[in-house]
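Here is a short report on one sheet and the strands that build it. Look over the sequence and the 3D view before reading on.

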Amino acid sequence: MAEGAAEQRRLASVVESWQGRPVLVIGDAMLDEWRFAESDRLCREAPAPVLTLRRRISAAGGAANTAVNIAALGGRALLVAPVGADVAGDELHDCLDRAGVWDRTVNQPGRPTPLKRRMLAGNQILLREDSGEPDDPLDPDGVQRLLTALDCATEELRAVAGGEAPTMVVCDYGLGALPAPVRAWLVANRERYATVALDAHDLADWRGLAPTVVTPSFAEATRLLARAARRSAGTELHLDHPDGDPADGPSELTVGAAPGDRTTRAEDSPAARTSTGPSGPDPAGTGPTGEPTPGEGRVAMTGDGLSVTATGVTVNTAAGDGVDRAVLAESRLAELHAHTGADVVAVTLDTEGAVVGAADGERRRSHSTPVPASHAVGAGDAYLAAMTLALAAGAPLSTAAQLAQLTATITVSDTGTCVCRREDLLAALDQPVRDSAHPVVVDGGELTAIVDAQRDAGRSVVFTNGCFDVLHRGHVRYLEQARALGDLLIVAVNSDESVRRLKGPDRPVNPVEDRAALLAALSCVDHVVVFEEDSPAALIEVVRPDVYVKGGDYPPEMVPEAPLVRRLGGQVRTLGYVPDRSTSRIIERIRTHGQERETGPSMSSKPS
């Protein structure tokens, strides 16, 4: 039980750590429209239901929904995508604004915003109408404006991150938002992004990007492997598993031409052996490049779940008893790594969860719960958002896979486009979410009631104290580490008079109201309380913390409050500060800079 609670706290600490992380999303943005109707009779003209519209909902879809999920999970999402100058485009802008996504979309007059309109009755989807096709390409001016927006957005996020490289998510759903010049720019500028996630219907178009993670569906992964085999072996060759080699067991792929298809593709001719992709020439022809044959985009899973068939490609996985898609996907992860160049490959399996693997051979299998199809629209976007944020925050593969699957599972509880909020994810991890009934900044009386309620719920309390005069990176890291030690973090702040007694007459720089407000704005801090004494002993008596945390490189035995904390049944932890980050040094730099400006030649003729 304790191990499970500790694991949930560890996962929650990752969710907290990605708070505010800047992420650039680029790709095919669309609008999802849901029309809920009632029907109680058939029409006279045809055996079709008569529908009465009761409710209409619009939501961001595609790349826009990925950006919305990143923002909802606590990241700082910025979207670059072509959007039409039409009603659907206006509604999409509204959706982005409501979600807090930084809207850097590029207006494309004359090119409609992709729209998926679903009509439902009794929560059953009766039909879907799509508009916006890849036949509506970006004109040269539109491509150039998209590249300019992409470059500016990258620098904007870099500035927000203090000069650090931002994270990027590429969502290529084949609707024309990412033509060859844009793909080439992204490949050429790959080093400007620390973490790159790729979700593409046709992964072959992105050879050379070297993404951190790719998230193909089973059908997309199968198509990539099938095309790679066809390119290297010809349409009639079947790649059967050698007899006696049990490496892959019953999950062997058999790849060949579909019945009746014996046409040699142009790209298989000798003249086409040298191909060009986003990363430039590929003289060896080692990767599946070029456009798919007609119908390859229409890969469909058969009813038994054991084979995938498309015009030009047949992939048969029923090579043995008990074969399932997860086993097959896991057996082919190494090939997917080779063909995509990705560090992490996550093959999503719809209601069966996902299979995730790292280039070093680490594997992770996650599971999901079957739900109606109308509940799962956009669940892949939520999965992609959480996977990207976790990897960007430095989480190990197993943790990223866990959080991504949990995020996707949370979103499928109802009909509509899936979005997971940070609060929902933390609640699923049984972690406390700030209660609006209790403000973050509290007094002693409120603090007693809060602590009692937390203890009744079986949650642990972490307590720390300090002046926190000029909040800096060292403070933030220290508080994040403290929060990871328990379920609730309470920060006690010295009053102004207390700081003056401890630090001298020229401190504090900031009044206690400002210091408390800044601490309260940090996601890792649950409650802030101000105390007048020089020692927090009286508050420690009230809170009786499970863990008392102090900053510094000395052992816990040297903490003055240690005997009191241990007498009350708690433990004491000391956490080191970030080197060269302290309030005193920041104040000294500010003073030195001010003196230099006052004595400089440019200031000599100006009044103070």
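The text below walks through the sheet from an edge inward.

**The sheet as a whole**

This is a predicted model. It holds an open sheet of nine strands. Their order is β6-β4-β1-β10-β11-β12-β19-β20-β21, and the pairing is mixed. The edges are β6 (102-103) and β21 (363-366). Each has a single partner strand, so one side of each is left without a neighbour in the sheet.

**From β6 to β10**

Start at the edge strand β6. Strand β4, residues 76-80, pairs with β6 in the parallel sense. Next comes β1, residues 22-27. β1 pairs in the parallel sense with β4. β1 also pairs in the parallel sense with β10, which spans residues 167-172.

The table sets out these pairs, each with one residue match.

| Strand pair | Bridges | Residues that match |
|---|---|---|
| β4 and β6 | two bridges | Leucine 79 and aspartate 103 |
| β1 and β4 | five bridges | Valine 25 and leucine 79 |
| β1 and β10 | five bridges | Valine 23 and threonine 167 |

Leucine 79 in β4 links two of these rows. Leucine 79 stands opposite aspartate 103 in β6, and valine 25 stands opposite leucine 79.

**A closer look at β1**

Is β1 mostly covered or mostly open? β1 is mostly covered, with six of its six residues buried. In a regular strand, side chains alternate between the two faces of the sheet. In β1, Pro22, Leu24 and Ile26 point one way. Val23, Val25 and Gly27 point the other way. Both sets are buried.

Definitions and conventions
Residues numbered from 1 in each chain as written. Predicted model: local features only at pLDDT ≥ 70, side-chain atom pairs only at ≥ 80, totals over all residues. Heavy atoms only, no water. Pairing = 2+ DSSP bridges. Helix = DSSP H or I, 4+ residues; strand = E, 2+ residues; numbered from the N terminus. Buried < 20%, exposed > 50% of the residue type's maximum accessible area, 1.4 Å probe, protein only.
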